[in-house]
Structure formats: C-alpha cells, structure tokens
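This report describes how the helices pack, which residues form the nonpolar cores, and where individual residues of interest lie. The sequence and the model are shown first, and the description follows.

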Amino acid sequence: MADSNALEGLTQALRRLPGVGAKSAARMAFHLLQHDKPGALQIARALEHAVHSVKHCALCNTLTELDICSTCANPGRDRSKLCVVETPADQAALERTLAYRGLYFVLMGKLSPLDGIGPHDIGLQKLFDRVLSRDAQGEPAPAGEREVQEVILATNFTAEGEATAHVIAQALKSRGVQVTRLARGVPVGSELEYVDLGTIAHALVDRR
C-alpha cells in the first residue's frame, strides 16, 4: 500500500462497514481518491450531516430526523397493532410488502449473551413502556385502556432473534397483552423437494 497515513486511515475507516474486509476497503479507498474525489467529499458531507441530524423516534425508536417519525405520525396507521423488529432495515422490508398498516417498534439489536448484549443494551424497556402505556408513576394502564392491543414479533429466525422474541412474549403475555409471532413457512413459488427440512417442519407446525 502507498506510504500514506491518511490513506491508511481511510482504509481502516471503510473496514468498519459490515462485510467490508481489508482488500475491499483498500479498493474503495484507492477508487475514491484516484477516480472520484468529488464522490468522496459527497460521502464525507453526507455522513457528517446524518450523524448530526439523525436520531431515534420518541415512539418507535427507529432512525429519523424528526422527534416523531412519519410512520408514527401518520393518522392512517392502525395504532392497535405494534410490530417489533430488530433494525430499521427490517422495518423497511416489511413496509415494502404493503401488507401491514400498523405501527412498529425497532429494538436496534437483539439479545446475544455471548456478545455481551443483554436486555439493557437494546430497547426492551422502552418497548414495554410503550405497550403497557405506563403513567407518570410507572404503573401500567389496564388492558382495556391500552392503545396497543396486539404485539407482532417479527425478530429474525436466528437463535438470538428467537431468544429475543421469547423474552418479549413472556414479559408481555404475563401482563395480558396479545402477542403473535411472524409465521415461518415454505417460500412462495418454491418446490418442497428443494426446501430445507427445518423450513418444512416449521411450515407444518404453523399450518393454518
């Protein structure tokens, strides 16, 4: 690599991106500095602006420039349903289906004891407060007076995602909240012969 502390710093910064290794980061750095310096400046300005402007929605915890995001502020959404996802990217994926018109809560992570991520490291308490409509004294509202009537758990079907969904379900069900889980099954358009056995087994268990 060229003898340049600045270039090395840029390469190391690019390596912080998910899925970007040393070779990919170096290739990006060389491209930006050799072929697209205006693009490099545009990226730098956009990152700086986003870091200073983007914050968490006060209601759903997603990323937004506003105190309340556009989804939570939309009066046309079904406010009795709250879909819990791990990341804003998961929320965006569900929105693209056009099949859900309720509200969301974004945990900004998942439980992962091996990585040192516990309940206090993601938005679990904020979720519970939102669902239970706690008053100024911290007491939950009676079930009939809560805005949220159903919590849909749409965490990923990984070991960590399943553990996160289990913890949420146990905590909310004990408070009389209706909790449902995103169904697992055979993908549309697929043939059973080529579907993995775990997916087929879950499809049988979750059949309608």
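In this predicted model, helix α1 and helix α2 cross in a right-handed sense. Helix α1 covers residues 5-14 and helix α2 covers residues 22-35, and the two pack at an angle of about 125° with their axes 8 Å apart. Because angles of 65 to 115 degrees count as roughly perpendicular and those over 145 as roughly antiparallel, this angle makes α1 oblique to α2. On the side of α1 the contact is made by Leu 7, Leu 10, Thr 11 and Leu 14, while α2 contributes Ala 22, Ala 25, Ala 26, Met 28, Ala 29, Phe 30 and Leu 33. Sorted by class, the contact of α1 with α2 holds 10 nonpolar residues and 1 polar residue, with no charged residues.

Helix α2 also packs against helix α3 (residues 37-53), here at an angle of about 115° and with the axes 5 Å apart. In this second contact, Leu 32, Leu 33 and His 35 of α2 meet Lys 37, Gly 39, Ala 40 and Ile 43 of α3. The classes represented in the contact of α2 with α3 are 4 nonpolar, 2 polar and 1 charged residues. Leu 33 is thus named in the contact of α2 with α1 and again in the contact of α2 with α3.

A third pair is formed by α6 and α7, whose axes lie 11 Å apart at an angle of about 35°, and the crossing of α6 past α7 is right-handed. Leu 124, Leu 127, Phe 128 and Val 131 of α6 meet Val 167, Ile 168, Ala 171 and Leu 172 of α7, and by class this contact has 8 nonpolar residues, with no polar and no charged ones. The geometry of the three pairs is set out below.

| Helix pair | Angle between axes | Distance between axes |
|---|---|---|
| α1 and α2 | about 125° | 8 Å |
| α2 and α3 | about 115° | 5 Å |
| α6 and α7 | about 35° | 11 Å |

The nonpolar cores come next. In soluble globular proteins, nonpolar side chains tend to be buried together. The largest nonpolar core of this model has 21 residues, of which Val 84, Leu 127, Val 131, Val 151, Leu 153, Ile 168 and Leu 172 touch the most other members. At least two residues of this core are supplied by each of β3 (78-85), β4 (102-106), α6 (124-132), β5 (150-153) and α7 (159-173), and α6 gives the most, with 5 residues. Leu 172, apart from its neighbours within four places in sequence, is in contact with Phe 128, Val 131, Val 151, Val 177 and Val 179. A second core, separate from the largest and made of 8 residues, includes Cys 83, Val 85, Tyr 100 and Tyr 104.

Backbone geometry draws attention to two further residues. Most residues other than glycine have a negative phi, and most peptide bonds are trans. Asn 61, although not a glycine, has a positive phi of about 75°; this residue is found in the loop between β1 (55-56) and β2 (63-64) and is buried, with a relative accessible area of 10%. Met 108, likewise not a glycine, has a positive phi near 60°; Met 108 lies in the loop between β4 and α6 and is partly exposed, with a relative accessible area of 30%.

Thr 62 is also found in the loop between β1 and β2, and with a relative accessible area of 6% Thr 62 counts as buried. When residues up to four places away in sequence are not counted, Thr 62 touches Lys 55, His 56, Cys 57, Cys 69, Pro 88, Gln 91, Val 106 and Met 108.

Two other positions can be placed by their exposure and by a C-alpha separation. Arg 45, found in helix α3, counts as exposed at 54% relative accessibility, and its C-alpha atom is separated by 25 Å from that of Ile 68, 23 residues apart along the chain. Thr 158, in the loop between β5 and α7, is partly exposed, with a relative accessible area of 33%, and the C-alpha atoms of Thr 158 and Asn 5, 153 residues apart along the chain, are separated by 40 Å.

Technical notes. Residues are numbered from 1 along each chain as its sequence is written. This is a predicted model: local features need pLDDT of at least 70, side-chain atom pairs count only at pLDDT 80 or more; totals for chains, interfaces and linings use all residues. Side-chain values use heavy atoms; hydrogens and water are left out. A nonpolar core is a set of buried Ala, Val, Leu, Ile, Met, Phe, Trp, Tyr and Cys residues joined through side-chain atoms within 4.5 Å. Buried means under 20% relative accessible area, exposed over 50%, partly exposed in between (1.4 Å probe, protein chains only). Helices (H or I, at least four residues) and strands (E, at least two) are DSSP runs, numbered from the N terminus. Contact means heavy atoms within 4.5 Å. Axes are lines fitted to C-alpha atoms, for helices over the stretch in contact, and angles run from 0 to 180 degrees between N-to-C directions. Angles under 35 degrees count as roughly parallel, over 145 as roughly antiparallel, 65 to 115 as roughly perpendicular and the rest as oblique. A crossing is left-handed if the near helix is turned anticlockwise from the far one by less than a right angle, and right-handed if clockwise. Ala, Val, Leu, Ile, Met, Phe, Trp, Tyr, Cys and Pro count as nonpolar, Asp, Glu, Lys and Arg as charged, and the others, Gly among them, as polar.
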